[in-house]
Amino acid sequence: MCLAVPARVLAIDAQEAEVEIGGVKRRISIALTPQVRAGDYVLIHTGFAINVLDEAEAQETLQLFAEIEALGTQASEEPGDEVH
Amino acid sequence: MPADVILLAHGSGGRLSHELIREVFLAHFGNALLNPQDDSAVFPIDLPAGARLALTTDSYVVRPIFFPGGDIGTLAVCGTVNDLAMVGARPLHLSAGFILEEGLSVQDLTRVTASMARAAADAGVAIVTGDTKVVERGSADGLFINTAGVGVVAPGLSISGSNVKPGDVILLSGPIGAHGMAVLSQREGLQFSFPLCSDCAPLNGLVAAMLAAKPNIHCLRDPTRGGLATTLNEIAGQSHVGIEVDEVAIPVPEGVRAACELLGLDPLYVANEGKLVAFVPPEASGAVLLAMRAHPLGREATAIGLVTAEGLGRVVLRTALGARRVLDMLSGAQLPRIC
Amino acid sequence: MKYIDEFRDPQSVQRWLDRIRKRSTQPVRLMEFCGGHTHAIARFGLRRLLPASVQLLAGPGCPVCVTSSRDLDTALAIAQLPGVILTTFGDMLRVPGSQGSLERARAGGADVRMVYSTLDALAIARSNPHRDVVFLGIGFETTAPTVAAAAVQAGAERLANFSILSLHKLTPPAMRAILAAGEVRVSGIIGPGHVTTIIGADAWQFLPRDHHIPCAIAGFEPLDILQAIWALVDMIEGAAPDVRNTYSRSVRPAGNRVAQGLLERVFQTTDAEWRGLGTLARSGLVLREEFATLDAARRFCVQVGASREPAGCLCGQVLRGITAPPECPLFGKACRLEHPVGPCMVSGEGACAAYIQYGEA
């Protein structure tokens, strides 16, 4: 519920990373995402990466958007994952 | 000049003051009207019948004083030249008053002064009179500048925020948000893969070209503090009309967009120092837009909306998703959000 | 910009709106718990684009809005102690407490500085070793881990002049309180995507399980929100309440374990006063004993009175979802963006600010 922005990790330096969004670079803390690697996309919130974005999941979601038109509006597909 | 920092004595009117004026200000601004150093600059004005004088003033307190694309000096000249241009005045002369903080480096002051001289030359104006005061350390964040400007408005021109009419086309001279984000990025230590520079520029040449194409432009304004959204609201209020603009039509550079996303800001509220909006009767809009695009400062000029007779005093934005919502004036400082 | 532009595609937006229109046969009231969603919905004009059968209701998920005036008064009192530098996120500067706002205190001489990150506050503490630097910790589970990380860092550096005034709060208790109060009829919840990134989608199971209400965890771009609304409509139409994660690129069932671990290490839960909701059990975060020297509440002794609501202010009811902003008698009159009476008008995510700023057009 807070402003968090997706950015690409360019380089990692101990507990910090240099990230880039739309050509803007910033140094942020990776204390909450120690597993991150260069090339990953992260969500940045108040100077910290709070999560690594899952490219595969993002593609799946976007793919779903594309499929909707193909399948027509009567589809009863459920978007996203169900959580049990 | 022996001193490398500004001292209180530089403001006392004595020898050090005169040395400062001579070595820094006259060295860069020197011209026939300024050089006599009388209490006022005196000059003749050739006013054809029906022409009027325009007079404006602005104070500049930007922090930091140096930023990509300019400095407080460039702003001080361009800002006042632009205020004159926005009422259709041909700028003539400027005054410059300096409030210096004790401890300001003379090198910084010289750099700012040189910028002002360059900007004035670009705009075709001269700084013909000035003043210098020095205040104790801590009282003035380095350097504050006030400039005033006088210009001539040709007969027959009637360019004002209260002249806008329903049906007027709204033209924007180019992409928005560069100045505010250049300054803020400098302050917050953001870096860019490509430089994000202030768009600070004198607009009198562009305005002259527009008026030469069609003199019946209703209103001109440069969207400085508060950004495009605030400027549009001011005019909607002054002329008591409605305004509708298209989000998709408003150009925003990618770097500005990204910096705004990062800091939680909206480009529509970010200051510009080298852009203008023009409100033009529909039959004149084609010619004015062509004239803008033919000028270096208007290459990316585009129509962004229309003046309407509904929703008087309000600005409505058609969002990229096709929805319509109110675009309000800036209230308070634009504070970045976390949540 | 990747992960932003694709999720704002206007044509996809239209397709999802069509899908929602076709699936929706009965009126539904969906609460967007999070102020960030209220703001996004208003900014993109989604309310007007949705069919009339889908009603959106703003919830209490605005950490600035739910900060009690007593807590704000505590921050103000600390800011005015000699030698203190109070650092805060920008959102809190203009909120009026019973003695004015932090912005006014700054104008009156208090050293109040806006920061974008707790790390900025740490940097200020390092460069001002003879001043007490206090960080005003506002925010839910998205922000609290960042403050926890800063606390660990400060401890490791033995930064003696740094402390945190923790006003952090937890969202599930607020959600439970709203539903338990039974004041507002809600058919579904749009779940907070970034809070859930931290706490995990499983944390919302109590909604379908105990309240038979569906929850769709949503991101903040228009397509994310519409996809979540579709999911809720679908679950309501099918009478099959569940938790659906429609922000799967960021949200996992278990959340961010590292962040949760930091929270656990640095904070413990406590009862907390929420503006508009009263005191909720175990809904706030306070620094653990091990971090006592970093706790501004213990370091500084200030006396403040009980919370007071400004006369006529209905922020509490707005936060509980029982009053829509335009229904407040002060809305747009005594309470405006430039002269806010209550926090819902000040905060960028406050429901009243969103309504006024992006009003129906």
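The exercises below, each with a worked solution, concern chains B and C of a predicted model.

**Exercise 1.** Determine how the radius of gyration of chain C relates to the globule rule, and describe the chain as a whole.

*Solution.* Begin with the secondary structure: chain C has 16 helices and eleven strands. Next, compare the radius of gyration of chain C, 20 Å, with the 21 Å that the globule rule gives for 361 residues; the two values are close, so chain C is as compact as a globular protein of that length. The C-alpha trace of chain C spans about 65 × 45 × 40 Å along its principal axes, and 59% of the 361 residues of the chain count as buried. Finally, take the contacts in chain C between residues at least 6 apart in sequence: 77% of these join residues at least 24 apart.

**Exercise 2.** Work out the strand order of the four-stranded open sheet in chain C, and state which helices pack on the sheet.

*Solution.* The order is β4-β3-β5-β6 (chain C), with parallel pairing. The edges follow from this order: β4 (111-114) and β6 (162-166) of chain C each pair on one side only. On average, neighbouring strands of the sheet are turned by 25° against each other, direction ignored. Looking at a single pair, strand β5 (residues 132-137) of chain C runs parallel to β6(C) and is joined to β6(C) by five bridges, and Gly137(C) has Ser166(C) as its bridge partner in β6(C). Now add the helices: α4 (residues 69-79) of chain C packs on the sheet, touching β3 (84-88), β4, β5 and β6 of chain C, and its direction makes about 140° with that of β3(C). Helix α6 (residues 118-127) of chain C also packs on the sheet and touches β3, β4, β5 and β6 of chain C, while its direction makes about 170° with that of β5(C).

**Exercise 3.** Describe the contact between chain C and chain B from the side of chain C.

*Solution.* Count the residues on each side: 33 come from chain C and 21 from chain B. On the side of chain C, the elements that give two or more residues are α1 (10-23), α2 (35-43) and α3 (46-49) of chain C. By residue class, this side of chain C divides into 18 nonpolar, nine polar and six charged residues.

**Exercise 4.** Characterise the contact between the two domains of chain B.

*Solution.* Set the bounds to start with: domain 1 covers 8-153 and domain 2 covers 169-326 of chain B. Their C-alpha centres lie 27 Å apart, and 21 residues of domain 1 of chain B are in contact with 21 residues of domain 2 of chain B. On the side of domain 1, α2 (72-85), β4 (89-101) and α3 (106-123) of chain B give two or more residues, and the largest share, seven residues, comes from α2(B). This side of domain 1 of chain B divides into twelve nonpolar, six polar and three charged residues.

How values were computed
Residues are numbered from 1 along each chain as its sequence is written. Chains are lettered from A and ligands numbered from 1 in the order in which they are written. This is a predicted model: local features need pLDDT of at least 70, side-chain atom pairs count only at pLDDT 80 or more; totals for chains, interfaces and linings use all residues. Two residues are in contact if their C-beta atoms, placed from the backbone, lie within 7 Å. Ala, Val, Leu, Ile, Met, Phe, Trp, Tyr, Cys and Pro count as nonpolar, Asp, Glu, Lys and Arg as charged, and the others, Gly among them, as polar. Two strands pair if DSSP finds at least two bridges between them. Axes are lines fitted to C-alpha atoms, for helices over the stretch in contact, and angles run from 0 to 180 degrees between N-to-C directions. The radius of gyration is taken over C-alpha atoms; the globule rule is 2.2 Å times the number of residues to the power 0.38. A residue is buried if 20 or more other C-beta atoms lie within 10 Å of its own, exposed if 12 or fewer, and partly exposed in between; C-beta atoms are placed from the backbone. Domain bounds come from an automatic or database domain assignment.
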